[in-house]
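This briefing covers the pockets of one protein model. Which residues line them, and which elements supply those residues?

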Amino acid sequence: MTSFYDALETRSPAEREAALMQALPQQVAHAKANAPALARLLADVDPAQIQSRAALARLPVTRKHELLELQKAARADGGDVFGGFSALRFGAQLPRVFASPGTLYEPEGVGRDYWRLARSIYAAGFRAGELVHNSFSYHFVPAGSMMETGAHALGCSVFPGGTGQTEQQVQAMAELRPAGYIGTPSFLKILVEKAAELNLPLPSVKKALFGGEAFPPSLRDWFLARGIDGYQCYATADLGLIAYETAAREGLVLDEGVIVEIVRPGTGDPVPDGEVGEVVVTTLSSGYPLIRFGTGDLSAVLPGQCPSGRTNTRIKGWMGRADQTTKVRGMFVHPSQVAEIARRFPQVQKARLVVSGEMANDQMLLKVETTEVAEGLARALGDAIRDVTKLRGEVELHAPGSLPNDGKVIEDARSYQ
């Protein structure tokens, strides 16, 4: 029995990159031709010229909150509910529409494993001919459908447990004897504890694929002690699968159907490998062809290849949120403003704005990494702070590599006690 879902997982990095860069200009052209919002955003872009990551990095990033506002504006005008980002239209090509909090609407197209979750389900140990207990929601959000269609593509049967009804779900698991569980780790813990309370053993449940929330090592060990080997995946309602865990348990391996960049929060600028930044994804999906979609999640590239034998890039997993907008003295300060200040000074390699003080006594300190200590740089940076944010702030100069590598552009260190 093979350890890999398909041959794509073991391609040489060079072969994979060549395939992705060959597909990229075609996807940009498709997005411009079929998604009106992307046609506007990329109006001045020649798709034939987008054949490298450097060229991709010059395109605008559309972040989730911006997508939400564009959808709302379009709906208010009686226009497209998807804000012009979907290449699908109602009918046979768009069998389902989902809604995430906001409300943000997501289209589901047709095709085998539309959301590409089968790869992560396989990596978690599931195989054709098994029954999967799926406890992701089938109501409003796409999570239940994402996992079900992935399991079907793998050749599995699915029990659509959904959320809630704990005793009934335990009863179904005890009687149907599924090979494993898909859902959030916290709900499986509730089910296992309820099964013990009801004296209903669940010996068949040996594996699990988790998503939707954190899966810390302590919880992983809790499940292992009860004979359940759990793995996690990283997927969103907009993009489908982004990355997944393998038996090596060293970070998450990127999916084969996406191009992932890690950028400095508030910008579209890729950071060096290993530095924490925002996950930005370009999907190769024809139905919802998002180009440089900012997830708002923080992560970082892990060096080297996965010991499992998969050759795609690995990321560390979820490391927090990139939207660090904060209010200082009654005014919003955004990560993009910190980036704009730093961009004015080529000698500045990295910047971090620290907001401190007690309630109603906010203070701003801009810490920058730079090799230049010439007199006047700190003063010029201070002037830039006031020009960009309309607020006063102090400046500290630091040696390169001395600021924390945690993806924070704005650190809120205020005390509210």
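Helices (H or I, at least four residues) and strands (E, at least two) are taken as DSSP runs and numbered from the N terminus. The model is predicted. Two pockets are described below, with the largest at about 1000 Å³ and the second largest at about 520 Å³.

**Largest pocket**

- The space in the largest pocket amounts to about 1000 Å³, and its lining consists of 35 residues.
- Nearest the centre of the largest pocket lie G211, G212, E213, C233 and Y234.
- Two or more lining residues come from each of α6 (143-154), α9 (217-224) and β8 (229-236).
- β8 gives the largest share of this lining, with five residues.
- By class, the lining of the largest pocket holds 18 nonpolar, eight polar and nine charged residues.

**Second largest pocket**

- The second largest pocket has a volume of about 520 Å³ and a lining of 27 residues.
- R53, V260, D273, V301 and T313 are the lining residues nearest the centre of the second largest pocket.
- At least two lining residues are supplied by each of α1 (13-34), α3 (53-56), β11 (258-263) and β14 (301-302).
- The largest share of this lining is that of β11, at five residues.
- The lining of the second largest pocket divides into 15 nonpolar, five polar and seven charged residues.

Methods: Residues are numbered from 1 along each chain as its sequence is written. This is a predicted model: local features need pLDDT of at least 70, side-chain atom pairs count only at pLDDT 80 or more; totals for chains, interfaces and linings use all residues. Side-chain values use heavy atoms; hydrogens and water are left out. On a 1 Å grid over the protein atoms alone, a cavity is a set of points where a 1.4 Å probe fits but cannot get out, and a pocket is an open set with protein on both sides within 12 Å along at least five of seven lines; lining residues have an atom within 4 Å of a point. Grid points are joined across faces, edges and corners, and a volume is the space filled by probe spheres set on the points. Ala, Val, Leu, Ile, Met, Phe, Trp, Tyr, Cys and Pro count as nonpolar, Asp, Glu, Lys and Arg as charged, and the others, Gly among them, as polar.
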